[in-house]
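Welcome, and do take a look at the sequence and the model shown here. The notes after them walk through packing, ring pairs and backbone angles.

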Amino acid sequence: TYAYLHFEETPSLAHPHIKALYSEFPGHPYFKFLYAESLIKNDQINEAKNILGELKKVVEGSVSYQRVETSTKLDYINLLIEFEEKRYRDAIVVATKIIENYQMELDWILLFSYIIRGKCYDLSGNRGMALRDYKAASGMNSYYKASNEVKKLINKPFSKQRRKDEG
């Protein structure tokens, strides 16, 4: 699921796997967050919003050392929802919260937060801020396809039409 969602960027292939894991292991917090992300990336926003309560309970029930990770993942799910629902100012606020408070060991959510915030800035007409975020993302983990996308975004602003053509 993780490979299909993040490395290959083929959420339609991820969804059946994570849906099965989410159903088979309903108490597993990691599967809950991946399932929510898969729902969003497969244009099932309302279904993802329906399980936000479950995700909030995971954060609330996490022990202190897990709370940083679970709360960051919840913020990321909220970021995806704000972006997909075209609430770009709200998405920028959530992305900024993630970026400024990032404490996770792996930087994948940080990378994606910079990219999404950059896209929001592009869509809002603030190319300078978008470039700043794309350049920050370009210096991060190169194992993700998103790293290739960032190089294109540095040269050409993001637009919703472009996203449909490339996605």
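## Aromatic rings

Tyr-2, Phe-7, Tyr-76, Trp-108, Phe-112 and Tyr-144 come together in one aromatic cluster. Before going on, please note that this is a predicted model, in which local features need pLDDT of at least 70, side-chain atom pairs count only at pLDDT 80 or more, and totals for chains, interfaces and linings use all residues. Residues are numbered from 1 along each chain as its sequence is written, and side-chain values use heavy atoms, with hydrogens and water left out.

The structure holds 12 aromatic pairs. Rings of Phe, Tyr and Trp (its six-membered ring) pair if their centres lie within 6.5 Å; planes under 30 degrees apart count as stacked, over 60 as edge-to-face and the rest as tilted. How are the rings of Tyr-2 and Trp-108 arranged? Their centres are 5.5 Å apart and their planes stand at 90°, so the pair is edge-to-face. This pair links distant parts of the chain, since Tyr-2 belongs to helix 1 (residues 2-7) and Trp-108 to helix 8 (residues 108-123), 106 residues apart. Helices here are DSSP runs (H or I, at least four residues), numbered from the N terminus. Both Tyr-2 and Trp-108 are buried, where buried means under 20% relative accessible area, exposed over 50%, and partly exposed in between (1.4 Å probe, protein chains only).

The rings of Phe-25 and Phe-31 have centres 6.0 Å apart and planes at 50°, so this pair is tilted. Phe-25 is partly exposed, with a relative accessible area of 44%, whereas Phe-31 counts as buried at 14%.

## Helix 3 beside helix 6

Two packed helices are described by the angle between their axes and the distance between the axes. For helix 3 (residues 29-41) and helix 6 (residues 64-84), the axes come within 10 Å and cross at roughly 10°. That makes helix 3 roughly parallel to helix 6, a label for angles under 35 degrees. The axes are lines fitted to C-alpha atoms, for helices over the stretch in contact, and the angles run from 0 to 180 degrees between N-to-C directions.

On the helix 3 side, Tyr-30, Phe-33, Ala-36, Glu-37, Ile-40 and Lys-41 meet helix 6 residues Thr-70, Lys-73, Leu-74, Tyr-76, Ile-77, Leu-80, Ile-81 and Glu-84. Contact means heavy atoms within 4.5 Å. By class, the contact has nine nonpolar, one polar and four charged residues; Ala, Val, Leu, Ile, Met, Phe, Trp, Tyr, Cys and Pro count as nonpolar, Asp, Glu, Lys and Arg as charged, and the others, Gly among them, as polar.

Thr-70, in helix 6, is buried with a relative accessible area of 8%. Leaving aside neighbours within four places in sequence, Thr-70 is in contact with Phe-33, Val-58, Val-59 and Ser-62. Thr-70 and Val-58 are 12 residues apart in sequence and 7.1 Å apart in space, C-alpha to C-alpha.

## Helix 2 and Ser-38

Ser-38 lies in helix 3 and counts as buried at 0% relative accessibility. Not counting residues up to four places away in sequence, Ser-38 touches Leu-5, Pro-11, Ala-14, His-15 and Ile-18. Ser-38 and Ala-14 are 24 residues apart in sequence, with 6.9 Å between their C-alpha atoms.

In helix 2, the buried residues are Pro-11, Ala-14, His-15, Ile-18 and Tyr-22. These buried residues pack against helix 1, helix 3 and helix 5 (52-61). The expected span of a helix is 1.5 Å times one less than its number of residues, and two helices can be checked against that value:

| Helix | Number of residues | Expected span | End C-alpha distance |
|---|---|---|---|
| Helix 2 (residues 11-24) | 14 residues | 20 Å | 20 Å, which agrees |
| Helix 7 (residues 88-100) | 13 residues | 18 Å | 18 Å, which agrees |

The buried residues of helix 7 are Tyr-88, Ala-91, Ile-92, Val-94, Ala-95, Thr-96, Ile-98 and Ile-99.

## Positive phi angles

Most residues other than glycine have a negative phi. Which sign does the phi of Asp-43 have? Asp-43 has a positive phi of about 60° although it is not a glycine. Asp-43 is found in the loop between helix 3 and helix 4 (45-50) and is exposed, with a relative accessible area of 66%.

Lys-86 also has a positive phi of about 60° without being a glycine. Lys-86 lies in the loop between helix 6 and helix 7 and counts as exposed at 54% relative accessibility. Lys-86 and Pro-26 are 60 residues apart in sequence and 30 Å apart in space, C-alpha to C-alpha.

Methods: Helices (H or I, at least four residues) and strands (E, at least two) are DSSP runs, numbered from the N terminus. Angles under 35 degrees count as roughly parallel, over 145 as roughly antiparallel, 65 to 115 as roughly perpendicular and the rest as oblique.
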